[in-house]
Amino acid sequence: MRHGIYLLALVYCWDTQGPMPLDEQEAAGICNCRSADEIDGLRYILQRYFVTMDDGWYNKRMAEVIANAESVSKARSESGLRGALVRREK
């Protein structure tokens, strides 16, 4: 059960490029937690693998992956723009 909660939390962070919400009901909805056991599993996952900040729950590794992906995307975009300018000048 916990591995599914963890995976859904990570997918949410990736999709939104941000943290899990601080509101427990909203986080439970995101991770499809309905029963008391599932809510306890959510609490465990958030406390163990996430860090709480003012705007939400962050997973350190996911934050690093998102930052790296943004960096690679920006570099590729700039490279493509330079290539387009070179082709236009020919």
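1. Cysteines. In this predicted model, the sulfur of Cys 13 has its closest cysteine sulfur in Cys 31, 8.6 Å away, which is too far for a bond. Cys 31 in turn has its closest cysteine sulfur in Cys 33, at 5.3 Å, and that is also too far for a bond. With a disulfide needing the two sulfurs within 2.5 Å, the count comes to zero. Cys 13 is buried at 3% relative accessible area, and Cys 31 is buried too, at 4%.

2. Met 20. Both of those cysteines turn up again here: Met 20 touches Cys 13 and Cys 31, leaving aside residues up to four places away in sequence. Met 20 is in the loop between α1 and α2 (24-30), yet its relative accessible area is 0%, so it goes down as buried. Its contact list also includes Ala 9, Tyr 12, Ala 27, Ile 30 and Phe 50, along with Asp 55, Gly 56 and Trp 57. If you want a backbone distance to check, the C-alpha atoms of Met 20 and Val 51 are 10.0 Å apart, with their positions 31 residues apart along the chain.

3. Aromatic pairs. How many aromatic pairs does a search of the whole structure find? Two. One is Tyr 6 with Tyr 49, a tilted pair with 5.0 Å between centres and 55 degrees between planes. Tyr 6 belongs to helix α1 (residues 2-16) and Tyr 49 to helix α3 (residues 36-49), so this pair ties together parts 43 residues apart in sequence. Both rings' residues are partly exposed: Tyr 6 has a relative accessible area of 26%, and Tyr 49 has 36%.

4. The other pair. Tyr 6 also pairs with Phe 50, this time edge-to-face, at 6.4 Å centre to centre and 75 degrees between the planes. Because Phe 50 lies in the loop between α3 and β1 (51-53) while Tyr 6 is in α1, the pair ties together parts 44 residues apart in sequence. The centre distance sits inside the 6.5 Å limit for pairing, so keep that cut-off in mind if you rerun the search. Phe 50 is buried, with a relative accessible area of 4%. Taken together, Tyr 6, Tyr 49 and Phe 50 make one aromatic cluster.

5. Asn 59. Is this residue buried or exposed? Asn 59 is buried, at 6% relative accessible area, and it is placed in the loop between β2 (56-58) and α4. Its contacts reach the whole aromatic cluster: Asn 59 touches Tyr 6, Tyr 49 and Phe 50, plus Leu 10, again not counting residues up to four places away in sequence. On the polar side, the Asn 59 side chain reaches the backbone oxygen of Tyr 49 at 2.9 Å. It also reaches the backbone nitrogen of Met 62 at 2.9 Å. In addition, at the start of α4, a side-chain oxygen of Asn 59 comes to within 3.2 Å of the backbone nitrogen of Arg 61.

6. Helix α4. Does the length add up, and what is the span between the end C-alpha atoms? With 30 residues (60-89) at 1.5 Å a residue, α4 should span 44 Å, and its end C-alpha atoms are 44 Å apart, which agrees.

7. A charge over a ring. Lastly, have a look at Arg 2 and Tyr 44: the charged end of Arg 2 sits over the Tyr 44 ring, 3.8 Å from the ring centre.

Key. Residues are numbered from 1 along each chain as its sequence is written. This is a predicted model: local features need pLDDT of at least 70, side-chain atom pairs count only at pLDDT 80 or more; totals for chains, interfaces and linings use all residues. Side-chain values use heavy atoms; hydrogens and water are left out. Helices (H or I, at least four residues) and strands (E, at least two) are DSSP runs, numbered from the N terminus. The expected span of a helix is 1.5 Å times one less than its number of residues. A polar contact is a pair of N or O atoms within 3.5 Å; within protein, one must be able to donate a hydrogen and the other to accept it, and residues adjacent in sequence count only if both atoms are side-chain atoms. Rings of Phe, Tyr and Trp (its six-membered ring) pair if their centres lie within 6.5 Å; planes under 30 degrees apart count as stacked, over 60 as edge-to-face and the rest as tilted. Buried means under 20% relative accessible area, exposed over 50%, partly exposed in between (1.4 Å probe, protein chains only). A charge sits over a ring if NZ of Lys or CZ of Arg is within 6 Å of the ring centre and within 35 degrees of the ring normal. Contact means heavy atoms within 4.5 Å.
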